[in-house]
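Here is a short tour of a structure you may like to have open beside you. Follow along residue by residue as we go.

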Amino acid sequence: MNTAPAEEPRWLTDEEQRTWRAYVHASTLLEDHLDRQLQRDAGMPHVYYHLLVVLSEAPRRRLRMTELAMRAKITRSRLSHAVARLEKNGWVRREDCPDDKRGQFAVLTDQGYEVLAQSAPGHVQAVRQAIFDRLSSEQRESLGEIMQIVAEGLQPKEAGADLPWLR
């Protein structure tokens, strides 16, 4: 049993607390804004749109389900549910993996590609209005650098890390 006294937490300063709360508030509002826009204009949530984008950028518009979960940063269970809904819409189909009996591919159909092509302009406009049109070029550059630093710091590098796509 560890009896060493617990270290005092490094509480956020007032400035850090304001920054943190502003980030949480803005990211929550942004995700809601993008979700509502895509639901209204394309009949899908933001996470489904992102899956279609990832598949559209893959060779032959197909990825192993585990790779798709990794790129989308979601659990395999959530991915399976999402792909089932996308299949029902005719936007994605599953194919068995020829060299792995348990593996499957998610494949973006022509219909799914067309839905993506039709919904992309409205989505880009929503992103531009919500973020980029509000920032100066210096602020956009800083935001990109900051988000890259945060992402790199959070991306696990060690084997056996608790990653959503392995759950």
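Arg62 sits over the face of Phe105, 3.9 Å from the centre of the ring. Keep in mind as you look at this contact that the model is predicted. For pairing between aromatic rings themselves, the count comes to 1 aromatic pair.

Arg62 also gives us a route to Thr109: the two residues are 47 apart in sequence, and their C-alpha atoms are 9.3 Å apart in space. Thr109 belongs to the loop between strand S3 (100–108) and helix H5 (110–130).

Now for the surface. Leu12, Trp20, Tyr23, Val24, Leu143, Ile146, Met147, Val150 and Leu154 together make a nonpolar patch of about 830 Å². Helix H1 (14–42) and helix H6 (137–154) are the elements that give two or more residues to this patch, and the largest share, 5 residues, comes from H6. Val150, one of the patch residues, lies in helix H6.

How do Val150 and Thr109 fare for exposure? The table sets out their values.

| Residue | Relative accessible area | Class |
|---|---|---|
| Val150 | 41% | partly exposed |
| Thr109 | 13% | buried |

Thr109 counts as buried because its relative accessible area of 13% is under the 20% cut-off. Val150, at 41%, falls in between that cut-off and the 50% above which a residue is called exposed, so its class is partly exposed.

Finally, the wider setting. An unreviewed UniProt entry carries the annotation "domain: HTH marR-type" for residues 16–152. Over that stretch the chain is 71% helix and 13% strand, with its end C-alpha atoms 20 Å apart.

Notes
Residues are numbered from 1 along each chain as its sequence is written. This is a predicted model: local features need pLDDT of at least 70, side-chain atom pairs count only at pLDDT 80 or more; totals for chains, interfaces and linings use all residues. Side-chain values use heavy atoms; hydrogens and water are left out. UniProt positions are given in the numbering used here, feature names are shortened, and annotations may be inferred rather than shown by experiment. Helices (H or I, at least four residues) and strands (E, at least two) are DSSP runs, numbered from the N terminus. Rings of Phe, Tyr and Trp (its six-membered ring) pair if their centres lie within 6.5 Å; planes under 30 degrees apart count as stacked, over 60 as edge-to-face and the rest as tilted. A charge sits over a ring if NZ of Lys or CZ of Arg is within 6 Å of the ring centre and within 35 degrees of the ring normal. Patches are made of residues with over 30% relative accessible area and no salt bridge: like charges are joined within 9 Å, nonpolar side chains (Val, Leu, Ile, Met, Phe, Trp, Tyr) within 5 Å. Accessible areas come from the Shrake-Rupley method with a 1.4 Å probe; for residues, only the protein chains shown count as cover. A salt bridge is a side-chain nitrogen of Lys or Arg within 4 Å of a carboxyl oxygen of Asp or Glu. Buried means under 20% relative accessible area, exposed over 50%, partly exposed in between (1.4 Å probe, protein chains only).
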